[in-house]
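Q: Please take a close look at one part of this model, the helix, and describe how it is placed against the rest of the chain.

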Amino acid sequence: MGPRRYRIVVAGELSGRFAPAFEGMTVRCTGGHTAITGEVVDQSQLHGLLDRVGELGLELVSVNAVGDEDQ
């Protein structure tokens, strides 16, 4: 897998204090959910991000690869 953009959605609207946990990613809150979007270079990094979501006790809603048209 080469670099690819992903959108990870978690339940709840995260405060700014969570932004450092997802450095390099865009964090946007809307409608009771938070979307964490950015480029992921490989599967290891993706799994690391998902592990971080779990470590922070966040409820994972979805994980999707996205193209530029989905931004």
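**The helix and what it lies on**

A: In this predicted model, helix α1, made up of residues 43–55, lies across β1, β3 (33–40) and β4 and runs at about 10° to β1. The length of α1 can be checked in a simple way: at 1.5 Å a residue its 13 residues should span 18 Å, and because the end C-alpha atoms are 18 Å apart, the expected span and the model agree.

Turning to the side chains, the buried residues of α1 are Leu-46, Leu-49 and Val-53. These residues cover an arc of only 60° around the axis, so they are on the same side of α1. On the other side of the helix, Ser-44, Gly-54 and Glu-55 are exposed, while the elements covering the buried residues include β1, β3 and β4.

The surface across which α1 lies belongs to an open sheet of 4 strands, ordered β2-β3-β1-β4 and paired in the antiparallel sense. Its edge strands, each pairing on one side only, are β2 (26–30) and β4 (60–65), and neighbouring strands are turned against each other by 20° on average, with direction ignored. Strand β1, residues 4–11, is joined to β4 in antiparallel fashion over 5 bridges, and within this pairing Val-10 stands opposite Leu-60 of β4. Strands β2 and β3, which also run antiparallel, are joined by 5 bridges, with Arg-28 standing opposite Ala-35 in β3. The hairpin formed by β2 and β3 has 2 residues between its strands, and there Gly-31 takes a positive phi near 55°.

The helix also takes part in the nonpolar interior. The largest nonpolar core has 13 residues, among which Phe-22 and Leu-58 touch the most other members, and the elements giving two or more residues to this core are β1, β3 and α1. Phe-22 ties several of these regions together in the list of its contacts: leaving aside neighbours within four places in sequence, Phe-22 is in contact with Val-27, Ile-36, Leu-49, Arg-52, Val-53, Leu-56 and Leu-58. Of these partners, Leu-49 and Val-53 have already been named as buried residues of α1.

Finally, as regards the end of the helix, α1 is followed by Gly-57, which has a positive phi, near 75°.

How values were computed. Residues are numbered from 1 along each chain as its sequence is written. This is a predicted model: local features need pLDDT of at least 70, side-chain atom pairs count only at pLDDT 80 or more; totals for chains, interfaces and linings use all residues. Side-chain values use heavy atoms; hydrogens and water are left out. Two strands pair if DSSP finds at least two bridges between them. Axes are lines fitted to C-alpha atoms, for helices over the stretch in contact, and angles run from 0 to 180 degrees between N-to-C directions. Contact means heavy atoms within 4.5 Å. A nonpolar core is a set of buried Ala, Val, Leu, Ile, Met, Phe, Trp, Tyr and Cys residues joined through side-chain atoms within 4.5 Å. Buried means under 20% relative accessible area, exposed over 50%, partly exposed in between (1.4 Å probe, protein chains only). The expected span of a helix is 1.5 Å times one less than its number of residues. The arc is that of the directions from the helix axis to the C-beta atoms.
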